[in-house]
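Have the sequence and the 3D view open side by side. We will start from one strand and work outward to the sheet, then turn to the ligand.

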Amino acid sequence: GTVLITGASGFLGSHIAARLIDQGYKIRATFRSESKSQLLRNVLGGKNIETCIVADITAPGAFMEAIVGADFVIHTASPFTFKVIDINKDLIQPAVEGTSRMLEAIASSSTVKRVVLTSSFAAVVDPTKGPRAGYTYTEEDWNPMTPEKALENNLFGYQASKTFAEKAAWDFTKSNAGNEKTPSLVTICPPMIFGPVHPASGITKDALNESSAQLLKAVTSADPAPTRMPVFVDVRDVAQAHVDALDVAKIPNSERFVVCAGKFTWSAIKEIYESGAASAESMSPADDYYSISPKKIEDMMGIKWISLQSSNLIEQQTRV
Ligand code: NDP
């Protein structure tokens, strides 16, 4: 089948695109820039890859052409950065309106069978509850973010962008539930994503994606910052979860999944980077924090998580 994928120039999207090609899918990837589209074709080869430019994912009809004939949609494109000037314009609008334009295109299609949306643990965590020691987050949890609170700071702005975009997708799916042509929805909510940067992505050492940049900062600073969201997952596992989510035989209905490989602290990551292993002491601060249970996706997809100790996790990411 043909998968329409957005954000294939990104840290996660490039891994998903590569895996789709490996597993025999055809992809149609949308880009904002011709140079990143060219890079993906060069690295992944020309076979089974169509690319197209969608300059503005929030524009009316943005995906109407790209959707034609697609069997599946994987929508990953969304800003993940805290360097923004205008929270609404730079974070919330591209996330929410980009998702809405995609849903409108899907509503016009009679071929799409499954939609996979990259959400985030940001749409799951309750920031008003703090470290919440002893609590285990699952798919049942939602960030209680409001449009007013979203404007308080850039972190809340990002959390709002992911929460509101995922809610828009569930509202669409629920309100069209009676229509047989409405495809089922799978949302995937990752915490901090680490792991190797794919050469097909547009990412360079000078322009690292947010999670890789935070990791690089931790391993290169003498005194790593306190760890405020101490839960992680490897990019290769998140990519595999997106691809497995297309399997309507395995995942027949709409589902929300949290993914998580475990907890981390920046100091433990620094120790692993420097000496290959983390001491129990350097991991202990994460005990003061909540955890995430990925039991649902483990049971349904049989994923085994790549661990923090896996050397590639840090090495490859920080040496782009
Ligand atoms: P990247 O910044 O590497 O990739 C983001 C992708 O989205 C790029 O392809 C980028 O395109 C595209 N994009 C960003 N803003 C816009 C916009 N305004 N209009 C059109 N396209 C845009 O980040 P990640 O790969 O890490 O993020 C991918 C997804 O994963 C996002 O939805 C993010 O919220 C989610 N996520 C990431 C986590 C992480 O730790 N990395 C954790 C949880 C969720 P371009 O190359 O043109 O800029």
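Which residue in β7 does Leu117 stand opposite? Find Leu117 and look across: the residue in β7 is Thr187.

A word on confidence before going further. This is a predicted model. The protein has an average pLDDT of 93, and 96% of the residues score at least 70. The ipTM is 0.99 and the pTM is 0.97.

Now stay with β5 and its neighbours. Strand β7 covers residues 184-189. β5 and β7 pair in the parallel sense, over five bridges. Another of the contacts joins Thr118 to its bridge partner in β7, Ile188. Strand β4, residues 72-75, also pairs with β5. That pairing is parallel too and runs over four bridges. Here Phe72 has Arg114 of β5 as its bridge partner. In general, strands of a sheet pair through backbone hydrogen bonds, either parallel or antiparallel.

How does the chain get from β4 to β5? Helix α3, residues 87-108, belongs to the connection: β4, α3 and β5 make a right-handed β-α-β unit.

How many of the five residues of β5 are buried? Five of the five, across residues 114-118, so the strand is largely enclosed by the rest of the structure. The test for "buried" is 20 or more other C-beta atoms within 10 Å of the residue's own. In a regular strand the side chains alternate between the two faces of the sheet. Both faces of β5 are covered. Arg114, Val116 and Thr118 are buried on one side. Val115 and Leu117 are buried on the other.

Step back to the whole sheet. Seven strands form an open sheet, in the order β3-β2-β1-β4-β5-β7-β10, and the pairing is parallel. Its edge strands are β3 (49-53) and β10 (255-258), each of which pairs on one side only. From one strand to the next, the twist averages 15°.

Finally, the ligand. It is surrounded by 25 residues. The closest are Gly10, Ser78, Pro94, Asn209 and Ser211. Which elements supply at least two residues each to the shell? Among them are α1 (11-22) and β8 (192-194). The largest share, three residues, comes from α1. By character, the shell around the ligand divides into 10 nonpolar residues, 12 polar and three charged.

Notes. Residues numbered from 1 in each chain as written. Predicted model: local features only at pLDDT ≥ 70, side-chain atom pairs only at ≥ 80, totals over all residues. pLDDT = per-residue confidence, 0-100. Buried ≥ 20, exposed ≤ 12 C-beta atoms within 10 Å, placed from the backbone. Pairing = 2+ DSSP bridges. Right-handed = clockwise from strand over helix to strand, strands pointing away. Near = placed C-beta within 6 Å. Nonpolar A, V, L, I, M, F, W, Y, C, P; charged D, E, K, R; others polar. Axes fitted to C-alpha atoms, helices over the stretch in contact; angles between N-to-C directions.
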